[in-house]
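Look at the sequence and the structure below. The paragraphs that follow go through some of the helices and strands in turn, and then turn to the confidence of the prediction.

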Amino acid sequence: MAKKAKKPNPDRDPKAGVVQKAVKQTALGTKFFEVQYAGAKGLGAFALQNISASTCILREDPILLIRKDEDLVSERDILAAYKKLSPEKKNEFDTLRDDGQRAPDASDPHELASSATTDRGLESLTERVWEQYNSNRHSVSDSRTGINGAGVYHLSSMFNHSCRPNATMNYDDSGTRYFYVIENIVAGQEITFAYNSRTYYMSTEHRSEDLDMDCLCDLCTSPVALREVSDTRRFMLRALYDFIHREDPAGEMPNLLKGMWMHQSTIDGLARLRPQEFPQWTTVHFFVIAKLLEVEGIITDTTITSYARAAVNVVHIADNAGRKVLPPREFENVKLWTQKSEKMARKIGYMDYEGDDRMRRLWYAMREVLLAVGPNGEIPELEKVASHAGGMRGLKRGKDIKGTLRPMDHLKKAGNGGLIDG
Ligand SMILES: [Zn+2]
């Protein structure tokens with residue numbers, strides 16, 4: 001698809017010109033986007049051209065990365081790290097937002113513009129650096145990267161949050177960030193990502209509490225009726241996730257399920273399931289989680305791995321039942337879910353960037369099994385298939401899975417049974 005580079009429409013707000021000019025002097029952006037005035041949101045990143053889904057629009061190293069439990073990071077750590085920065089990096093750090101300051105008056109464009117630059121003469125260096133760190137720090141301690149800590153970034157901190165974002169961000173082991181666009185974006189459109197994935201499992205009200213702001217994203221400002229549908233989906237997602245992973249993804253009430261929406265007798269019933277019945281239940285749960293996330297427009301590790309997990313479960317159930325070939329209906333599901341998982345994985349750059357995180361390892365191991373299913377639904381010898389990736393046993397302990405993440409083409413050549421098209 002040929003892309004025509006178009007200048008974004010100038011904001012109709014009369015203040016925009018002044019602010020934009022000030023922002024432009026700092027020349028923030030890449031060929032894909034630039035930082036602009038984003039109305040009430042302050043600054044934001046806007047597409048400079050039409051961008052198709054799966055495009056990596058930014059790769060950025062952290063200005064500083066503290067490899068330490070986030071809660072234990074002290075002012076002294078930050079000051080020490082700051083002092084070690086090169087003059088250039090220091091300069092980058094100095095231009096970062098500082099929420100500790102009085103918020104700039106949005107009705108005064110000059111003030112808003114100068115808030116993007118440095119003007120903090122009166123504060124002590126430690127105080128200022130600490131405030132800026134806290135206003136801009138991003139946790140890089142998620143389960144995916146092997147690292148535990150917090151980083152501060154320059155360009156990528158200019159993106160605004162959305163509860164239904166059109167971009168996503170990955171980290172590699174050194175804390176480098178990769179931004180991938182997950183849906184087609186037109187020139188002039190704002191590019192957003194979710195500041196934390198907890199918000200995917202929260203209602204509108206809960207999100208604004210958690211984010212500690214009135215979120216102005218497209219979802220939060222959509223008509224009430226639409227938000228209610230979304231809120232219901234997210235509530236279901238939260239409960240299902242908790243059921244499957246025994247962990248509340250929105251992060252506050254452990255084991256949310258208990259007494260919340262599922263009747264105690266249902267829970268007791270589930271507890272009485274025979275072990276061989278359990279995979280069927282979890283297949284349904286994984287599928288519903290993936291489907292709800294998909295219709296909610298959320299493409300994330302959980303969406304991708306849940307589709308794959310549901311498909312792998314189906315293969316395992318048939319294998320355990322002594323079948324050599326998947327029944328036609330099951331085979332159709334396995335194909336469909338594999339394709340969905342694969343397509344979304346491409347969108348968030350799973351096959352693209354270097355880095356060896358847990359979720360991707362897990363996904364690759366499952367994918368290997370799915371790609372080994374024959375063209376008529378023949379069930380592969382499961383032990384053999386996943387051995388190089390640590391075996392299916394490794395799925396439970398993703399961290400321990402050893403092996404190389406193989407590129408897509410390698411597996412396609414090896415014959416994928418037609419599970420993946422295009
Ligand atoms: Zn929002």
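Begin with two helices, H2 and H5: Glu75, Ile78, Leu79 and Tyr82 in H2 meet Thr126, Val129, Trp130 and Tyr133 in H5. Sorted by class, the residues in this contact are 6 nonpolar, 1 polar and 1 charged. Helix H2 covers residues 75-83 and helix H5 covers residues 125-136; the two pack at an angle of about 95°, and their axes are 9 Å apart. Because angles of 65 to 115 degrees count as roughly perpendicular, H2 is described as roughly perpendicular to H5. All of this belongs to a predicted model.

Next come the strands. Strand S1 (residues 33-37) pairs with S2 through 5 bridges, in the antiparallel sense. In this pairing, Tyr37 stands opposite Leu43 of S2. The two strands form a hairpin, with 5 residues between S1 and S2. Gly39 lies in the turn and has a positive phi of about 60°.

Is strand S2 mostly covered or mostly uncovered? Strand S2 (residues 43-47) is mostly covered, with 4 of its 5 residues buried. S2 is also joined to strand S10 (residues 190-193) by 2 bridges, and these strands run antiparallel. There, Phe46 has Glu190 in S10 as its bridge partner. S2 thus has an antiparallel pairing with S1 and another with S10.

Another group of strands forms an open sheet. Its 3 strands lie in the order S4-S6-S5, and the pairing is antiparallel. Strand S4 (64-66) and strand S5 (137-139) are the edge strands, each pairing on one side only. On average, neighbouring strands of this sheet are turned by 25° against each other, direction ignored. Between S4 and strand S6 (residues 150-152) there are 3 bridges. One residue pair to find here is Ile66 and its bridge partner in S6, Ala150.

How far can the coordinates be trusted? The mean pLDDT of the protein is 76, and 68% of the residues reach 70 or more. Among the elements, helix H11 (residues 328-347) has the highest mean pLDDT, 95, and helix H14 (residues 408-413) has the lowest, 38. Over residues 254-261 the pLDDT is below 50, and this stretch has 13 contacts in the model beyond near neighbours in sequence. Residues 387-417 also stay under 50; for them the model has 42 contacts beyond four places in sequence. Where pLDDT is low, predicted coordinates should not be read in detail.

Key. Residues numbered from 1 in each chain as written. Predicted model: local features only at pLDDT ≥ 70, side-chain atom pairs only at ≥ 80, totals over all residues. pLDDT = per-residue confidence, 0-100. Contact = placed C-beta atoms within 7 Å. Pairing = 2+ DSSP bridges. Axes fitted to C-alpha atoms, helices over the stretch in contact; angles between N-to-C directions. Parallel < 35°, antiparallel > 145°, perpendicular 65-115°, else oblique. Nonpolar A, V, L, I, M, F, W, Y, C, P; charged D, E, K, R; others polar. Buried ≥ 20, exposed ≤ 12 C-beta atoms within 10 Å, placed from the backbone.
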